[in-house]
Amino acid sequence: MTDKTSLAAGTFAGARARIQDNASRGLWSSRWVFFLAATGSAVGLGNIWKFPYVTGQNGGGAFVLVYLACILLIGIPLLMAEVMIGRRGRANPDGAVARLAREAGASSRWRVVGWLGGLTGFLILSFYLVVAGWALAYVPATFSGGFTGVSGEASGELFGALLADPLRLVVCATLVLAATMLIVGFGVRGGLERSLRFLMPGLFVLMLVLVVYAAIEGEFAQALQFLFVPDFSELTAQSVLVALGHAFFTLSLGCGAMMVYGSYLPEGTSIAKTSILVALADTAVALLAGLAIFPLVFGNALEPGAGPGLIFVTLPIAFGQMPLGQFVGGFFFVMLVIAALTSAISLSEPSIAWLTERFRISRTKAVLGSGLVLWLLSLGSVFSFNHWADYQLFGKTFFDTLDYLTTNWLMPLGGLGTVLFTGWVLQRHVVSEAIGIRNAGLFQAWWKLLRYGTPVAIVLVFLNLLGLI
């Protein structure tokens, strides 16, 4: 059999398999639902917890401008590639990449790209649950007036007391995990779709309410200037790399989530248009979070560059001093829990899809097995703040090690594998057909950016981590 005949046979077999999968796997009911799901995956603690403090640490407006450029030039092309692989492969990330590799006549070893994404998402979720548990613990504490009149030192002590209480941390993380597994256990339409139809609109409504409140009670003009008037003297080379890394992190790239969500996307939906809308919505939430938080920070003479403690230590001081602060603060942490939950749902789905498709077990068994392993892993992160705080690897606790390994190495590595696979292994006409960009000039620009610009940017991230730039 000639190479061309083999390739044609592989393509035909792949097409037939996709038709069978479309009939057997669940699909989103519409492009709108996929938009909600993908936006829910992207919108999470990275937008509401991390974006404000990294913006504060890196000078404000100039950093935001670079971040937006990174979303446009790096994030969107990679997002489109991941969704395309998922929809064309119609399987979990591992299976989808393997199927497309066979169609292209390439080595089956490329499936490691999908496998790595699923593993990365699983590891991220194991410590993500713990941070989401912090937000959950703050909901009753804030609503009950626990931060009323609190000082900076006292706020730090309250957060420290939470971290030092393993039972409380375990209970809160377990509740988040239980909610996540309950939702994904009902499947694509019964669980994921139904929950996201409620959670995402609710998140946006809460966000807008908090922005309006911040505009009335806080220093809104100062916040606008800080976020949108660039001062390039505050920008450093390190800030540019931080913006690049955060653009990568905030869109849930390199962790299997967008691939598996893409596998449920109906045919005929424009991947390009939908991906752009998801990136815009994700960016809008990050900016709205800044507009909700920084007016309150400036209005209470607090430090915008307070770092990771901005949400859990600095902001509660503002909630404790402002009118109706306990209710505003309570709703803020409710919003943070919802954002964390929508991301947790997407991070859990790749491993569950892999278990059901690889071992042909029921979704219920996959959820229970996956949930048990996640819970055990989460204990390591919980205890790293108390009982195991003195046990460190290369100067990092279990929690910090997982955070550093996944967000700084595994996610970019998975992203690099995705762009190399899409841009250099798959045939151009296959990608063009699957991605849905009808304008030849636009596709050419996207194709060159994916093949050259995006890999170079990711390599720069690695060189920075290695201290070479």
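Colleague: What volume does the second largest pocket have?
Modeller: This is a predicted model, where local features need pLDDT of at least 70 and side-chain atom pairs 80 or more, while totals for chains, interfaces and linings use all residues. Residues are numbered from 1 along each chain as its sequence is written, and side-chain values use heavy atoms, without hydrogens and water. A pocket is an open set of points on a 1 Å grid over the protein atoms alone, where a 1.4 Å probe fits, with protein on both sides within 12 Å along at least five of seven lines. Filling the second largest pocket with probe spheres set on its points, joined across faces, edges and corners, gives about 760 Å³.

Colleague: Which residues lie closest to the centre of the second largest pocket?
Modeller: Its lining (residues with an atom within 4 Å of a point) has 32 members. Closest to the centre are M80, A272, K273, I435 and I437.

Colleague: Which helix gives the most to that lining?
Modeller: Helices here are DSSP runs (H or I, at least four residues), numbered from the N terminus. Helix 4 (61-89), helix 13 (271-299), helix 18 (428-435) and helix 19 each give two or more residues. With ten residues, the most comes from helix 4.

Colleague: And how many charged residues line the largest pocket?
Modeller: That pocket has a volume of about 980 Å³ and 41 lining residues, with K50, Y53, D403, T407 and N408 nearest its centre. Charged means Asp, Glu, Lys and Arg; Ala, Val, Leu, Ile, Met, Phe, Trp, Tyr, Cys and Pro count as nonpolar, and the others, Gly among them, as polar. The lining has 27 nonpolar and ten polar residues, and the charged ones number four.
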